[in-house]
Amino acid sequence: MGVLSNGNVSLRPIERRDLDKLNQWKNDESVYRFLGGGFLPVSRDIQEKWLDSLMDTTGNSKRFMIENDVGEAVGMIGLYGINWVHRTCELGIFIGDGSQRGKGYASSAYRLLEAYGAMYLNLRKVTADVVDKNDAAVSFYENLHFRQAGRLSKQRFIGGEYCDLLIMEKFLGDKEEWGGCCSKGGGVFHPEEVPPQWLVLELGFQNCRVFMGKTRKGW
Ligand SMILES: CC(C)(COP(=O)(O)OP(=O)(O)OC[C@H]1O[C@@H](n2cnc3c(N)ncnc32)[C@H](O)[C@@H]1OP(=O)(O)O)[C@@H](O)C(=O)NCCC(=O)NCCS
């Protein structure tokens with residue numbers, strides 16, 4: 001069982017026992033080709049040298065293993081380059097095992113980490129660099145209400161061609177995302193943005209709304 005949990009997934013710090021899995025994922029082109037570091041196979045020995053820094057959650061990068069509902073490590077998620085003045089950070093995420101994708105694990109993991117980042121790290125905004133031809137990731141971020149802030153043309157060389165990079169951003173504080181309540185005007189949320197699948201309860205109490213029962217998997 002992980003440290004942060006919502007029933008669908010758990011997040012826990014990386015441990016030494018994760019080395020083989022991390023190395024297997026690192027050497028899988030389908031996992032790393034669109035990530036910032038790109039696809040570069042590395043030996044288990046080199047990966048082991050990196051392990052201390054990967055495990056360290058005390059600095060400005062915080063990585064977590066994503067465990068599924070039966071406690072199996074299926075991927076990694078992290079907040080990188082946290083800036084404590086501006087209260088910004090960058091998100092990185094992958095589900096390493098292809099058979100575990102499309103099950104809502106990444107969305108659940110993100111929501112957990114967003115809630116943790118807002119509630120315990122006092123973060124304000126998260127950004128993500130997304131290769132525009134990475135359709136799954138673009139859709140993933142849009143689903144989580146990231147907006148496209150910009151596009152860097154031909155920014156990355158991947159698989160023999162230059163690819164555009166989308167800069168995505170999201171302000172935290174959409175507490176509705178994690179099932180809380182939020183006073184009117186307290187965040188960046190606007191009523192017209194409520195997706196139709198949300199059940200919205202208007203409490204009429206201190207201008208509070210509670211959002212419940214989102215009808216998609218992963219909640
Ligand atoms: C992007 C990634 C993290 C999504 O993980 P996942 O667990 O499969 O995602 P979820 O099951 O939570 O899906 C959430 C949404 O993502 C989008 N999505 C996921 N897989 C998709 C696919 N193959 N094609 C299109 N959209 C997809 C959908 O919008 C989906 O919502 P829906 O189920 O309501 O349609 C995963 O595909 C992955 O690890 N890719 C390789 C690494 C990577 O590219 N990371 C992102 C770098 S920016």
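Which residues come nearest to the ligand? In this predicted model, the ligand has 24 residues around it, and those that come nearest are Arg101, Ala106, Ser107, Ala136 and Phe140. To see where such residues sit, let's walk through the fold and then return to the ligand.

Start with the sheet. It is open and built from eight strands, with mixed pairing, and reading across it gives the order β1-β2-β3-β4-β5-β6-β8-β7. At the edges you will find β1, residues 4-5, and β7, residues 147-158, each of which has a pairing partner on one side only. Further in, β6 (residues 125-131) and β8 (residues 161-171) run antiparallel and are joined by seven bridges. If you would like a landmark for this pair, look for Ala128, which stands opposite Met168 in β8.

Now add two helices. Helix α4, spanning residues 105-120, lies across β1, β2, β3, β4, β5 and β6, and it runs at about 35 degrees to β4. Helix α5, spanning residues 135-143, lies across β6 and β8 and makes an angle of about 160 degrees with β6. Strand β6 therefore is a handy reference when you rotate the view, as both α4 and α5 lie across this strand.

With these elements in place, back to the ligand. At least two residues of its shell come from each of β5, α4, β6 and α5. Helix α5 gives the largest share, six residues. As for chemical character, the shell is made up of 13 nonpolar residues, seven polar ones and four charged ones.

How values were computed:
Residues are numbered from 1 along each chain as its sequence is written. This is a predicted model: local features need pLDDT of at least 70, side-chain atom pairs count only at pLDDT 80 or more; totals for chains, interfaces and linings use all residues. Two strands pair if DSSP finds at least two bridges between them. Helices (H or I, at least four residues) and strands (E, at least two) are DSSP runs, numbered from the N terminus. Two residues are in contact if their C-beta atoms, placed from the backbone, lie within 7 Å. Axes are lines fitted to C-alpha atoms, for helices over the stretch in contact, and angles run from 0 to 180 degrees between N-to-C directions. A residue is near a molecule or strand if its C-beta atom, placed from the backbone, lies within 6 Å of it. Ala, Val, Leu, Ile, Met, Phe, Trp, Tyr, Cys and Pro count as nonpolar, Asp, Glu, Lys and Arg as charged, and the others, Gly among them, as polar.
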